[in-house]
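Here's a quick tour of a sheet, the helix lying on it and a few charged pairs. Have the structure open and follow along.

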Amino acid sequence: MASKSGTQTARDMVLSMLVILLGVGVVYLFIPHDDSLDPVRPISYDTELITARRAAPYPVAAPVGLPETWRATSVRYEAQSDHGSVWHLGFMDPDDQYAAVEQSDGESDAFVAEVTHGAEETERVQKIDGEEWTRYEGPKYDALVRREPGVTTVVTGTASFDGLARLAAALEAEEG
């Protein structure tokens, strides 16, 4: 008799799962969803920028005057990390490519290697608004890197070098 009770319990569980899956399928079919909508959810980074500028030991860079087609997607400031004080601000550009501003006061080479996903320094230097940026090329991300006393600034991502340069040109660094 005990084995029949165990069989009924297993059968009931399987039937319950089928009813649940059927319900999920019906909900999926009848609830409208539009796959053509933009999955990127733009964010505001004003508060994080103000906080970072007050806390960071270097002038924190953020773009000024970028068109609305550049959508901020991620932001964070870490006062203490493996790379010192770190500022990150990520965007999707008008071509739906990723571009980010990364800053740190830690050891420059390790920081650049991490945020560029191992991109290699090239011998090309690009002048942007009178500042020299070194080009890095990699299998995942390309980057423009500027090293100054006390801070390394990296503009990196899947965006073209033109897109990265546009983001770099819009940067204004301020302390809070």
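Strand E5 and strand E6 (residues 131-137) run antiparallel and are joined by 6 bridges. In that pairing, Ile128 sits opposite Glu131 of E6. Keep in mind that this is a predicted model.

Zooming out, these two strands belong to an open sheet of 7 strands, paired antiparallel in the order E2-E3-E4-E8-E7-E6-E5. The edges are taken by strand E2 (71-81) and strand E5 (120-128); each has a single partner strand, so one side of each has no neighbour in the sheet. On average, and ignoring direction, neighbouring strands here are turned by 20° against each other.

Now for the helix. Which strands does helix H3 lie across? Helix H3 (residues 108-115) crosses strand E3 (84-92), strand E4 (98-104), E6, strand E7 (142-148) and strand E8 (151-157), and it runs at about 15° to E8. Its buried residues are Ser108, Phe111, Val112 and Val115. Looking down the axis of H3, you'd see those buried residues fall within an arc of 95°, so they line one face of the helix. What they pack against is E3, E4, E6, E7 and E8. Flip to the face of H3 turned away from the buried side and you'll find the exposed residues Asp109 and Glu114.

Both ends of H3 are worth a look. At its start, a side-chain oxygen of Glu107 comes to within 3.1 Å of the backbone nitrogen of Asp109. Just past the helix, His117 adopts a positive phi of about 55°.

On to the charges. Side chains of opposite charge can pair when their charged atoms come close. How many salt bridges turn up in a search of the whole structure? The search finds 8 salt bridges, including the ones tabulated here.

| Salt bridge | N to O distance |
|---|---|
| Glu174 and Arg53 | 3.5 Å |
| Arg146 and Glu131 | 3.9 Å |
| Glu148 and Arg146 | 3.2 Å |

Take the pair of Glu174 and Arg53, whose side chains meet in a salt bridge. Glu174 lies in strand E9 (residues 171-174) while Arg53 is in helix H2 (residues 46-55), so this pair ties together parts that are 121 residues apart in sequence. Are the two partners buried or exposed? Arg53 is buried, with a relative accessible area of 11%, whereas Glu174 is partly exposed at 39%.

The salt bridge between Arg146 and Glu131 brings us back to the sheet. Arg146 lies in strand E7 and Glu131 in strand E6, so the pair ties together parts that are 15 residues apart in sequence. Arg146 counts as buried at 15% relative accessibility; Glu131, with a relative accessible area of 37%, is partly exposed. Glu131 is also the residue that stands opposite Ile128.

Arg146 has a further salt bridge, with the side chain of Glu148. Glu148 counts as partly exposed, at 34% relative accessibility. Which residues end up in one network through shared salt-bridge partners? They are Glu131, Arg146 and Glu148.

Note on methods
Residues numbered from 1 in each chain as written. Predicted model: local features only at pLDDT ≥ 70, side-chain atom pairs only at ≥ 80, totals over all residues. Heavy atoms only, no water. Pairing = 2+ DSSP bridges. Helix = DSSP H or I, 4+ residues; strand = E, 2+ residues; numbered from the N terminus. Axes fitted to C-alpha atoms, helices over the stretch in contact; angles between N-to-C directions. Contact = heavy atoms within 4.5 Å. Buried < 20%, exposed > 50% of the residue type's maximum accessible area, 1.4 Å probe, protein only. Arc of directions from axis to C-beta. Polar contact = N/O pair within 3.5 Å; in protein donor to acceptor, adjacent residues only side chain to side chain. Salt bridge = Lys/Arg side-chain N within 4 Å of Asp/Glu carboxyl O.
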